[in-house]
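Grab a pencil and try each task before you peek at its solution. Here is the molecule to work with.

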Amino acid sequence: MRSINKHLLIFSFFTARFCFADYAWIPDYHHLLIKASGEYFTSSENFGSDGIKSEFTNSGQPATFNEYRFSLEGEYGFAKNWSAFLKIPFVSGLIDSAGGTALSGSGLGDLNLGFKWNFNPQRPLITLEVFSHLPLYSTSTLTLDQLALGDGSIDVGGKLHLGYRFNRHFAAGISPGFIARTSGYSSAFVLSAFGGASWNPIYFRLMGENYTSLDKPTSISTESANSEIGSGGTFARLSQNPDHFSLGAKIGYIASRKYRIEGSMMWSLMGSYAPAFFRGGINIIGDFDLYEAPPPKTKIKEIPFETEQTPYVESEDE
């Protein structure tokens with residue numbers, strides 16, 4: 001009975017780590033988290049400069065922006081309470097209208113890399129994250145028949161993750177942050193929050209995200225479409241001063257101590273210079289322990305160099 005309870009306790013510990021690993025938790029020392037993700041993003045409306053939602057058009061026709069994003073992300077705990085991560089996305093974007101596909105583009109998107117430091121592993125969990133977005137190409141040379149795959153901006157930012165687990169089932173967290181942007185994009189404050197519950201092997205989370213640009217355009221006229229070449233008219237691409245607020249949910253299943261799968265959905269509720277969108281995705285996540293224990297040392301029994309010898313005694317029979 002004690003053995004069964006011990007195994008249940010160990011499984012509960014690992015599943016709890018899995019449930020909250022993408023917020024204030026970071027991988028254990030010598031552990032590598034690998035996340036393979038597929039995401040679908042669609043938008044057929046824009047939030048204009050006045051915050052009013054309007055139909056997205058391309059060449060005067062109603063259009064829809066669709067994006068398929070496939071990402072591979074690795075995060076490694078290179079020291080106790082420290083980790084480093086790298087995310088490589090492949091992006092395929094299309095702008096479709098009644099006349100067919102107006103614009104399309106496929107290729108690698110902007111790289112994401114950074115570090116995390118969990119400097120308070122107790123309750124409340126507090127983790128500092130420093131990250132950067134690195135573009136693989138410039139967007140200043142795009143033509144009218146091209147669709148941008150990224151922003152072409154070098155960004156540096158930071159987030160402070162604060163998480164609190166109330167008990168083995170319920171947890172919540174909030175993550176304020178700041179992004180410094182280049183190439184004409186406004187720097188911004190970001191804020192995300194979640195409230196979640198878990199009952200092994202299922203976990204569920206409600207999420208909210210807010211993005212607020214610091215600089216606002218001074219144009220008097222109302223802008224309901226993006227005029228940047230490479231955007232196709234949607235603020236989902238190359239929007240320099242977006243504001244938006246969105247809500248969503250995530251549900252996950254813990255298949256084992258090493259693997260889990262989760263699905264998520266997110267809807268935009270309000271904004272300006274931003275797309276009205278729906279985003280859904282699936283993540284497959286593995287946790288691999290890369291620590292190799294040193295091989296056991298072979299014990300060698302010492303043999304004295306000089307051993308006692310029994311003296312030879314000649315017998316009378318000889």
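**Exercise 1: the patch and its strands**

Task: Work out which strands each supply at least two residues of the nonpolar patch.

Solution: The strands are E7 (111-120), E8 (125-134) and E9 (155-165). Keep in mind that you're looking at a predicted model. Next, list the members of this surface patch: Phe 78, Trp 82, Phe 115, Trp 117, Phe 119, Leu 128, Val 130, Leu 160, Leu 162, Ile 174 and Leu 191. Together they have about 900 Å² of accessible area. Last step: E7 gives the most, with three residues.

**Exercise 2: one tryptophan**

Task: Find the strand that holds Trp 82, and decide how Trp 82 is classed: buried, partly exposed or exposed.

Solution: Start with the location: Trp 82 sits in strand E5, residues 82-97. Now take its relative accessible area, which is 34%. Buried means under 20% and exposed means over 50%. So Trp 82, at 34%, counts as partly exposed.

**Exercise 3: a lysine without a partner**

Task: Which side chain of opposite charge is nearest to Lys 35, and how far away is it?

Solution: First, locate Lys 35 in strand E1, residues 31-47. The side chain you want is Glu 73, 4.3 Å away. A salt bridge needs the charged atoms within 4 Å, so this pair doesn't make one. Lys 35 is buried all the same. Its contacts, leaving out residues up to four places away in sequence, are Ser 71, Leu 72, Glu 73, Asn 283, Ile 284 and Ile 285.

**Exercise 4: the whole chain**

Task: How many helices and strands does the protein chain have?

Solution: Count them up and you get one helix and 15 strands. For burial, take the 318 residues: 41% of them are buried.

Notes: Residues are numbered from 1 along each chain as its sequence is written. This is a predicted model: local features need pLDDT of at least 70, side-chain atom pairs count only at pLDDT 80 or more; totals for chains, interfaces and linings use all residues. Side-chain values use heavy atoms; hydrogens and water are left out. Helices (H or I, at least four residues) and strands (E, at least two) are DSSP runs, numbered from the N terminus. Buried means under 20% relative accessible area, exposed over 50%, partly exposed in between (1.4 Å probe, protein chains only). Patches are made of residues with over 30% relative accessible area and no salt bridge: like charges are joined within 9 Å, nonpolar side chains (Val, Leu, Ile, Met, Phe, Trp, Tyr) within 5 Å. Accessible areas come from the Shrake-Rupley method with a 1.4 Å probe; for residues, only the protein chains shown count as cover. Lys and Arg count as positive and Asp and Glu as negative; His and the chain ends are not counted. Contact means heavy atoms within 4.5 Å.
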